[in-house]
Amino acid sequence: GAIIAWYLPDTLTDTTQKEIRQATDLLAPSLEKSVRADGNWRTNQRLFNRGSEDVGATPRCINLSPAWFQQGHEVSASLKGPSCENILKAIARPAAIASAALRVMHPEQYWAGLRTLSNLGNIAVSKDLPQMLEALQYWASMFNTLSIISNRKTPHHRDHMSIAECFDILTTVGDYSNARMTMPNLQLEFKYNSGCMIAFSGRIVRHGVYDVEGDWIAWAWYMRDAVHIYAGVPSCGWSIQCVKDQTKSKHCDLYTFQQMNTMYQL
């Protein structure tokens, strides 16, 4: 049957968690501009808190993408300046780790993401889109969007910009306690401790995070449906559980995540 979710506690090393915090700090100027008094729930100031006094992460939410708008032909606002290269280099290793995990979790989604980025590169050249071409040059993920969220409560919701058959991959770091990722329609609740990784279809599965005490940062990697459509890449299908007599199926992978974890030293 189809695989609905992956839960990988204590996946990220201290080094990787430090890199995520440092990259998020680099984005502080953009983060500070993201919250609005009357914004939708994703950027509404009522759902954010400062965390630890004076040393907490900037409580904000932004998106990074080499092809953000509906037509897929423009980079996100946070990558439209002279810091674009530095930002993308700072997120490169965590981006590669999430992509390596995706290669095991859903190989067909991995290759669909790669084809999408390749097609976007060709489009950027043919339509003379230099900002998009520069962003793609340094973009190290098979996903086409990263949402960076710090110190925000997240009510139960679905992510309608994602692709139904695809996994979103969420990682979280920080100094906090009592965090739980809940998925009410699946009747699941996971400890959302620093260093964990959770993958699921954000478009289908309602999910949310409440009552986090302390400072925390979540990175959510996902693939925007509109970008895949614009790039002419069809649906990759669902991730299917392997069984012994299906080891040659296109959905199967010979490596377990534990083997990959050792190989890539996450």
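Buried means under 20% relative accessible area, exposed means over 50%, and partly exposed lies in between, with a 1.4 Å probe and protein chains only as cover. Keep that scale at hand for the exercises below.

This is a predicted model, in which local features need pLDDT of at least 70, side-chain atom pairs count only at pLDDT 80 or more, and totals for chains, interfaces and linings use all residues. Residues are numbered from 1 along each chain as its sequence is written, and side-chain values use heavy atoms, with hydrogens and water left out.

**Exercise 1. A salt bridge in helix 3**

Find the salt-bridge partner of K89 and work out how the two residues are placed in their helix.

Step 1. Start with the rule: a salt bridge is a side-chain nitrogen of Lys or Arg within 4 Å of a carboxyl oxygen of Asp or Glu. Side chains of opposite charge can pair when their charged atoms come close.

Step 2. K89 pairs with E85, and their closest N and O atoms are 2.6 Å apart.

Step 3. Both belong to helix 3 (residues 84-90), and because they are 4 residues apart, about one helical turn separates them. Helices here are DSSP runs of H or I with at least four residues, strands are runs of E with at least two, and both are numbered from the N terminus.

Step 4. Now use the opening scale: K89 has 48% relative accessibility, so K89 counts as partly exposed. E85, at 25%, is partly exposed as well.

**Exercise 2. Salt bridges between distant parts**

The structure holds 4 salt bridges; describe the one between E19 and R93, then the one between R203 and D225.

Step 1. The side chains of E19 and R93 meet at 3.1 Å, N to O. This pair links distant parts of the chain, with E19 in helix 1 (residues 14-26) and R93 in helix 4 (residues 92-105), 74 residues apart.

Step 2. E19 is partly exposed at 22%, and R93 is partly exposed at 32%.

Step 3. For R203 and D225, the N to O distance is 3.3 Å. R203 lies in the loop between strand 8 and strand 9 (207-210), while D225 is in helix 7 (residues 225-231), 22 residues apart.

Step 4. R203 has 31% relative accessibility and D225 has 25%; each counts as partly exposed.

**Exercise 3. The neighbours of strand 5**

Which strands are joined to strand 5, and how do they run?

Step 1. Two strands pair if DSSP finds at least two bridges between them.

Step 2. Strand 8 (residues 197-200) is joined to strand 5 by 4 bridges, and the two run antiparallel. Here D168 has F200 as its bridge partner.

Step 3. Strand 10 (residues 213-222) is joined to strand 5 by 9 bridges, again antiparallel. In this pairing G174 is matched with W216.

Step 4. Check the cover too: strand 5 (residues 168-177) has 7 of its 10 residues buried.

**Exercise 4. Rings and a charge**

Count the aromatic pairs, and then find the charged end that sits over the ring of Y110.

Step 1. Rings of Phe, Tyr and Trp (its six-membered ring) pair if their centres lie within 6.5 Å; planes under 30 degrees apart count as stacked, over 60 as edge-to-face and the rest as tilted.

Step 2. The count comes to 7 aromatic pairs. Ring pairs gather W139, F143, W219 and W221 into a cluster.

Step 3. A charge sits over a ring if NZ of Lys or CZ of Arg is within 6 Å of the ring centre and within 35 degrees of the ring normal. R103 has its charged end over the ring of Y110, 5.9 Å from the centre.
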